[in-house]
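Dear colleague,

I am passing the structure below on to you, and my notes on it follow directly after. Please read them with the coordinates open beside you.

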Amino acid sequence: MATETHEAAGQAAEAAAPGMPQLDFSTYSNQIFWLLVTLVAIYFILSRIALPRIAAVLAERKGTISNDIAAAEDLKAKAAEAEDAYNKALADARTEANRIVAETKAEIKADLDEAMREADEEIAAKTAEGEKKIAEIQANATESVKEVAKETAKEVVAAMGAKADARTVTAAVNARLKG
Amino acid sequence: MATEAQGEEGGLVLHPMDQFKVEPLFGGDTVAWYTITNVTLWMALAIVAVTALLVLGTSRRAIVPSRTQSVGELAYGFVYKMLEDITGKEGVKYFPYVMTLFMFIVMANFLGLLPMAFTTTSHIAVTATMALMVFLTVTVLGFVLNGAKFLGLFWVQEAPLALRPVLAIIELMSYFVRPLSHSIRLGGNMMAGHAVLKVFAGFAAVAAIAPISVIAIGAMYALEVLVAFVQAYVFTILTCVYLKDALHPSH
């Protein structure tokens, strides 16, 4: 590359007066002057406008990102809180439901007991009545048997030809029935 | 190579250096210091390009940046981080100066790659002025901030005592060679690349080697795009390194 450049420079030197334009000192003041103007212009554009603006944008972006992350963490905490509250509500509801079930069960049992007791009472009353009736019927039957026995005994005694004493017959029949 | 081309074609004359000529824009032959020349035009275009990228591109101040704005922010972040990494927190206040140099060089380099363009940074007058500005700033800043301690830059404490004077001479020489290498690296790279492009372009007129020449121009152009950025980067990072010496002169 270097040789080419030198050859080319040599040729240019033959053709044109200044040779390498880089070594033409008459243009140096011009180049240096415009370079300084350019650098000062760029310096002021950068330091007055561009760099503060870009720095602000970068800082703002950094702030926004960290804010967003903080907000996300906040929301996450809130979600966890909500989940806890939900679980707690669920547990409460379950306890409440159990309590209601137990209460209802107890109520039903009480009703049932009451009904049972009433039914038992009724049954007992009916049984007692029935027993009473049976006893009555039994008593009636015994009386009738006594009557029949007395009558029969009287008739038997009369048929045998003797006058029967009503009282004696009755006593005899009673003694017999007891025995 | 240029001679061969001339030999084959006879009439073909390559003027690879003509693109670097400083000429008045509005007639006249003399170039005085105030004359409006092609230097003025292309430097003005560099200002326009910098303004377009960093001022107009960011005018919406968007939180979610547009394409231009994100390129501008990228340039800002690139130079800012470079400066902060090398010089530390104390160097950050010189950021506008470093950014000015970087933006001017990178824009001038890329504008120079446009066809028919004039590359201001290919002139040693321009690069040497910038390098000398950096050199003088660093030297003055070094003495103002550190006083005589700035000379400790040349007195290597870690070396054995006997070696220190020798090292001091070497350090001193390398210090004064800085503006030279700093300026010629940028100017030389830009000039050589553009001259080679022009030479290949001249060969394209010869039918026999035109295809090779066109491919070579494509390849060279791609390389030059890379060089345009890399040289701006190198100039800026060296500025940061020199600035670090002024801020922290002890090795």
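B:Arg61 counts as partly exposed, because 13 C-beta neighbours fall inside 10 Å, a number between the limit of 12 or fewer for exposed residues and that of 20 or more for buried ones. Please keep in mind here, and in everything below, that this is a predicted model. B:Arg61 sits in the loop of chain B between α2 (38–56) and α3 (67–87), and its phi is near 50°, which is a positive value in a residue other than glycine.

A second residue with a positive phi that you may wish to look at is B:Met116, which is also not a glycine and whose phi is near 70°. B:Met116 belongs to the loop between α4 (95–112) and α5 (124–146) of chain B, and with 5 other C-beta atoms within 10 Å it is exposed.

Turning to chain A, there are 3 helices and 0 strands, so that the order of elements from the N terminus on reads α-α-α. Of its 179 residues, 11% count as buried.

The contact between the two chains takes 40 residues from chain A and 46 residues from chain B. On the side of chain B that touches chain A, at least two residues each are supplied by α1 (2–9), α2, α3, α4, α5 and α6 (164–203) of chain B, and the largest share, 9 residues, comes from α2(B). Sorted by class, that side of chain B has 32 nonpolar, 11 polar and 3 charged residues.

One helix pair across this contact can be described in detail. The axes of α2 of chain A (residues 28–159) and α5(B) come within 9 Å and cross at roughly 50°, and these two helices are therefore oblique to each other. The crossing of α2(A) and α5(B) is right-handed. Where they meet, α2(A) brings A:Tyr28, A:Gln31, A:Ile32 and A:Leu35, while α5(B) brings B:Ala125, B:Val126 and B:Thr129; by class, this contact has 5 nonpolar, 2 polar and no charged residues.

Within chain B, α5(B) also packs against α7(B), and here the axes come within 8 Å and cross at roughly 20°. Because angles under 35 degrees count as roughly parallel, α5(B) and α7(B) are roughly parallel to each other, and α5(B) passes α7(B) in a right-handed crossing. From α5(B), the residues involved are B:Val134, B:Val138, B:Leu141, B:Gly142 and B:Leu145, and they meet B:Thr239, B:Tyr242, B:Leu243, B:Asp245, B:Ala246 and B:Leu247 in α7(B). By class, the contact of α5(B) with α7(B) has 8 nonpolar, 2 polar and 1 charged residues.

Last comes the largest nonpolar core, which has 63 residues, and in which B:Phe102, B:Met103, B:Phe104 and B:Ile105 have the most contacts. Two or more residues of this core are given by each of α2 of chain A and α2, α3, α4, α5, α6 and α7 (210–247) of chain B, with the largest share, 12 residues, coming from α4(B). Which residues does B:Met103 touch, if those up to four places away in sequence are not counted? They are A:Ile42 and A:Leu46 in chain A, together with B:Val50 and B:Ala75 in chain B.

With kind regards

Definitions and conventions:
Residues are numbered from 1 along each chain as its sequence is written. Chains are lettered from A and ligands numbered from 1 in the order in which they are written. This is a predicted model: local features need pLDDT of at least 70, side-chain atom pairs count only at pLDDT 80 or more; totals for chains, interfaces and linings use all residues. Helices (H or I, at least four residues) and strands (E, at least two) are DSSP runs, numbered from the N terminus. Axes are lines fitted to C-alpha atoms, for helices over the stretch in contact, and angles run from 0 to 180 degrees between N-to-C directions. Angles under 35 degrees count as roughly parallel, over 145 as roughly antiparallel, 65 to 115 as roughly perpendicular and the rest as oblique. A crossing is left-handed if the near helix is turned anticlockwise from the far one by less than a right angle, and right-handed if clockwise. Two residues are in contact if their C-beta atoms, placed from the backbone, lie within 7 Å. Ala, Val, Leu, Ile, Met, Phe, Trp, Tyr, Cys and Pro count as nonpolar, Asp, Glu, Lys and Arg as charged, and the others, Gly among them, as polar. A nonpolar core is a set of buried Ala, Val, Leu, Ile, Met, Phe, Trp, Tyr and Cys residues joined through C-beta atoms within 7 Å.
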